[in-house]
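Student: I have a structure open and would like to work through parts of it. Could we go step by step?

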Amino acid sequence: MNRYDIAIVGTGPAGVSAALTAKNRNKSILLIGRKDLSNKVQKSHKILNYPGLPDVTGEELVLAMREHLAQMGIEITEEQVTNIYAMGDYFAVQCAKEMHEATTVILATGVMQGKLLPGEEENLGRGVSYCATCDAALYKGKEATVLGYSAKEEDEAEFLAEVADKVYYVPTYKDEVKVSRDNIEIISGIPKEIRRADNKSVLVIDSQEIVSDGIFVLRDSVSPGQLVPGLETEGAHIKTERDMSTSIRGLFAAGDITGTPYQDAKAVGEGNVAALSAVAYLTELAKKL
Ligand SMILES: Cc1cc2nc3c(=O)[nH]c(=O)nc-3n(C[C@H](O)[C@H](O)[C@H](O)COP(=O)(O)OP(=O)(O)OC[C@H]3O[C@@H](n4cnc5c(N)ncnc54)[C@H](O)[C@@H]3O)c2cc1C
């Protein structure tokens, strides 16, 4: 398996900045995220404080960043990272479709929206999943519930509905839900709790209980502690030093995931520092060999 120098997880301003800097320093990089980069930036109406780009809209900034990546020959691997394991002198980066290896990792996954639901963590792997692509096959001929935190999860529900008999789709956002398959039922309500009962999974929403074989909780990002076992966190954030290093050697973090203020310029700056620190770490490692 090809081992990359640096795996960068997340394609928001922090991840893009880290990728550009690492590539500029001639490192082999794996940039994992979304081709449309960041839902948050896309949604920003006008960004008034980004140096050199007065009045830029989120969509324009995304477009400019995509062009910059393309000019530098940086490709995006469109996958969801489900776990990262520290293996000593390298990291195993587990994605929905495959596993990758990298000597260092930069986490730039943004901050998780909302809190974990009561019962969510306890039932992870016992009826609760974060990845439709990984686990859809388990639902052949069964029923599943999808809790979608953004409209892009409608595609995941459609995909799941190709395999499952029935999908209950619970959107937590206000936009109109657009799904085409007849076996998807849209149910509105505020999610309160997840329970396991009689070998079924129960999603409690304010008006009712949805009983199915499993629940997919699909957010843009998961909490860093779930992503990287053993990583030191502070609430929803990863604890970092000024050089963006974390409690795990070789693992760096940048952007909203390291704490407030949640700002594009801060994310870009931290992505740059994290990449340079990862480069310095690689140089140190090479000297020891
Ligand atoms: C409506 C709105 C308006 C805003 N306006 C402004 C503004 O005017 N000025 C300003 O400075 N800031 C503004 N912000 C804040 C700004 O958008 C964020 O601070 C910035 O996007 C943070 O960048 P990031 O790279 O840390 O994370 P994000 O932009 O959140 O990007 C993280 C990326 O990582 C991906 N990801 C997460 N988990 C995984 C995983 N497990 N595997 C693969 N990929 C993963 C996500 O899908 C996402 O693409 C605004 C935010 C919002 C929501």
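Student: Which residues of H7 are buried?

Tutor: This is a predicted model, and burial here is judged by counting 20 or more other C-beta atoms within 10 Å of a residue's own. In H7 that list includes alanines such as Ala 267 and Ala 274. In full, the buried residues of H7 are Asp 264, Ala 267, Val 268, Glu 270, Gly 271, Ala 274, Ala 275, Ser 277, Ala 278 and Tyr 281.

Student: What covers the buried residues of H7?

Tutor: Both helices and strands take part in the cover. Helices H1 and H2 are included. Among the strands are S1, S6 and S17 (251-253).

Student: How far does H7 reach from its first C-alpha to its last?

Tutor: H7 has 25 residues. At 1.5 Å a residue, 36 Å is expected. The reach in the model is close to that, at 36 Å.

Student: Is H1 largely enclosed or largely open, and why?

Tutor: H1 covers residues 13-24, and its end C-alpha atoms are 16 Å apart, which agrees with the span its 12 residues should have. The buried residues of H1 include Pro 13, Gly 15, Val 16 and Leu 20. Because 10 of the 12 residues of H1 are buried, the helix is, with respect to the rest of the structure, largely enclosed.

Student: Which elements do the buried residues of H1 pack against?

Tutor: The helices in contact are H2 (39-43), H3 (58-71) and H7 (264-288). The strands are S1 (3-9), S2 (29-33) and S6 (99-107).

Student: Which residue just after H1 takes a positive phi?

Tutor: The phi in question is about 60°. It belongs to Asn 26.

Student: Which residues are closest to the ligand?

Tutor: The ligand is surrounded by 35 residues, of which 15 are nonpolar, 14 polar and six charged. H1, S2, H2 and H7 each supply at least two residues of this shell. The closest residues are Gly 10, Gly 12, Ser 38, Gly 110 and Gly 255.

Student: Which strands stand at the edges of the open sheet of three strands?

Tutor: The strand order is S11-S12-S13, with antiparallel pairing. S11 (191-197) and S13 (209-212) have a single partner strand each, so one side of each is left without a neighbour in the sheet. The twist averages 20° from one strand to the next. The edge strands are S11 and S13.

Student: Which residue in S12 is the bridge partner of Ile 194?

Tutor: S11 and S12 (residues 200-205) pair in the antiparallel sense over six bridges. In S12, the partner of Ile 194 is Leu 203.

Terms used:
Residues are numbered from 1 along each chain as its sequence is written. This is a predicted model: local features need pLDDT of at least 70, side-chain atom pairs count only at pLDDT 80 or more; totals for chains, interfaces and linings use all residues. Helices (H or I, at least four residues) and strands (E, at least two) are DSSP runs, numbered from the N terminus. The expected span of a helix is 1.5 Å times one less than its number of residues. Two residues are in contact if their C-beta atoms, placed from the backbone, lie within 7 Å. Two strands pair if DSSP finds at least two bridges between them. Axes are lines fitted to C-alpha atoms, for helices over the stretch in contact, and angles run from 0 to 180 degrees between N-to-C directions. A residue is near a molecule or strand if its C-beta atom, placed from the backbone, lies within 6 Å of it. Ala, Val, Leu, Ile, Met, Phe, Trp, Tyr, Cys and Pro count as nonpolar, Asp, Glu, Lys and Arg as charged, and the others, Gly among them, as polar.
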